Amino acid sequence: MRENYLHTHRPREIPQDLNGRIVVTSYTIGYIVGSISSTSINRRLAQALESLAPDNVTLVEIPIKDLPFYSTDFDADFPQVATDFKQTIKDVDGVLIVTPEYSRSIPGVLKNALDWAARPYGDGAFDHKPVAVIGTSGSPIGTAAAQQHLKAILSHLNAPTLGQPEGFIQSHPGLLTDGGEIADDTTAGFLRGYLEAFTALVSRYAAGEERSEARAA
Ligand SMILES: Cc1cc2nc3c(=O)[nH]c(=O)nc-3n(C[C@H](O)[C@H](O)[C@H](O)COP(=O)(O)O)c2cc1C
């Protein structure tokens, strides 16, 4: 989280410092692509999201393709790639998971990555980390079944997830270009709103509001 100052006049409800300067907080959101396919449409969707993010949000990829298969044998001595993977999740303000649906669930490569993040027991990287899930496939339900499974896993990992809007994107040829452009304005507008909603969730956790509310309850 980073704070910058803009010298402009805005309504009072916008956060300001004692000198009336507007406080703009910047966030880093890591994204995980649940596909390692070289032609992944979900990677294209992630690239599109990068270009549509609000000005105060930077999206950075958290790669999973070099993670070995997880085993408890590694718990005593994690490989560097897994240590780095976990640390990156801990360091970012929120995580966006962009995933395809495989056999009505999440791809094995993504589950493997989540297992690395969860272990060793008691040191889960997703604990209290705000997460949003989104995905695309050619199906009319646009990865909805995979996302339900993914949210169940994230709940166990104690990660608060974005409830609404839900990002079920039905892909069709030409919707997402190689460079991550979106051919359709309605979809682009939806994705902008989706990122704004997730940024609002991330900002509440970064400010510590959600944690203190949970303690008070
Ligand atoms: C093993 C496998 C299982 C699949 N199962 C589903 C599925 O359950 N639901 C679905 O909508 N698409 C399914 N598909 C089709 C994928 O949505 C499609 O291949 C998509 O392009 C994968 O995303 P990616 O290009 O980002 O890898 C499956 C594809 C594969 C290879």
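Which residue just after helix 5 takes a positive phi? Keep that question in mind while you open the structure, which is a predicted model, and begin the tour at the ligand.

**Stop 1: the ligand**

Select the ligand together with the residues around it, which are Ser-35, Ser-37, Ser-40, Ile-41, Asn-42, Pro-100, Glu-101, Tyr-102, Ser-103, Arg-104, Ser-137 and Ser-139. If you colour this shell by class, you will find three nonpolar, seven polar and two charged residues. Stay for a moment with Arg-104, which lies in the loop between strand 4 and helix 3 and has a positive phi of about 65° although it is not a glycine. Arg-104 counts as partly exposed, because it has 13 C-beta neighbours inside 10 Å.

**Stop 2: helix 1**

Ile-41 and Asn-42, which you have just selected beside the ligand, also belong to the buried residues of helix 1, so select that whole helix next, residues 41-52. Its 12 residues should span 16 Å at 1.5 Å a residue, and the end C-alpha atoms are 17 Å apart, which agrees. Helix 1 is mostly covered, with 10 of its 12 residues buried, and among these are Arg-43, Arg-44, Leu-45 and Leu-52. To see what covers them, display the surrounding elements, which include strand 2, strand 3, strand 4, strand 5, strand 6 and helix 5.

**Stop 3: the largest nonpolar core**

In soluble globular proteins, nonpolar side chains tend to be buried together. Here the largest nonpolar core holds 48 residues, and those that touch the most other members are Ile-29, Tyr-31, Leu-49 and Leu-96. Helix 1 gives the largest share of this core, namely six residues. Now centre the view on Leu-96, which, when residues up to four places away in sequence are not counted, touches Ile-29, Tyr-31, Leu-49, Ala-132, Ile-134 and Phe-198.

**Stop 4: helix 5**

Phe-198 leads to the next selection, since this residue is one of the buried residues of helix 5, the others being Leu-191, Tyr-194, Leu-195, Thr-199 and Val-202. These buried residues cover an arc of only 140° around the axis, which puts them on the same side of helix 5. Turn the view to the other side of the helix, where Asp-185, Thr-186, Gly-189, Gly-193 and Ala-200 are exposed. The buried residues pack against strand 2, helix 1, strand 3, strand 4, strand 5 and strand 6. If you place a distance label between the end C-alpha atoms of helix 5, residues 185-206, you should read 31 Å, which agrees with the 32 Å that its 22 residues should span at 1.5 Å a residue. Then step just past the end of the helix to reach the residue asked about at the start: Gly-208 takes a positive phi of about 80° there.

**Stop 5: helix 4**

Select residues 144-156, which form helix 4, and look for its buried residues, Ala-146, Gln-147, Leu-150 and Leu-154. Seen down the axis, they fall within an arc of 95°, so they line one face of the helix. On the other side of helix 4, Ala-152, Ser-155 and His-156 are exposed, while strand 4 and strand 5 are among the elements that cover the buried residues. Just after helix 4 comes Asn-158, with a positive phi of about 70°, and this residue is found in the loop between helix 4 and strand 6. Asn-158 is exposed, because 12 other C-beta atoms lie within 10 Å and a count of 12 or fewer is the cut-off for that class.

**Stop 6: two cis peptide bonds**

Follow the loop between helix 4 and strand 6 to Pro-165, which is joined to Gln-164 by a cis peptide bond with omega of about 0°. A cis peptide bond also joins Arg-119 and Pro-120, where omega is about -5°, and Pro-120 is found in the loop between helix 3 and strand 5.

**Stop 7: Val-81**

Finish in helix 2, residues 80-91, where Val-81 is found. Is this residue buried or partly exposed? Val-81 counts as partly exposed, because it has 14 C-beta neighbours inside 10 Å. Leaving aside its neighbours within four places in sequence, Val-81 is in contact with Asp-66 and Leu-67. As a last step, select Pro-68 as well, which is 13 residues from Val-81 in sequence and 8.7 Å from it in space, C-alpha to C-alpha.

How values were computed. Residues are numbered from 1 along each chain as its sequence is written. A residue is near a molecule or strand if its C-beta atom, placed from the backbone, lies within 6 Å of it. Ala, Val, Leu, Ile, Met, Phe, Trp, Tyr, Cys and Pro count as nonpolar, Asp, Glu, Lys and Arg as charged, and the others, Gly among them, as polar. A nonpolar core is a set of buried Ala, Val, Leu, Ile, Met, Phe, Trp, Tyr and Cys residues joined through C-beta atoms within 7 Å. A residue is buried if 20 or more other C-beta atoms lie within 10 Å of its own, exposed if 12 or fewer, and partly exposed in between; C-beta atoms are placed from the backbone. Helices (H or I, at least four residues) and strands (E, at least two) are DSSP runs, numbered from the N terminus. Two residues are in contact if their C-beta atoms, placed from the backbone, lie within 7 Å. The expected span of a helix is 1.5 Å times one less than its number of residues. The arc is that of the directions from the helix axis to the C-beta atoms.
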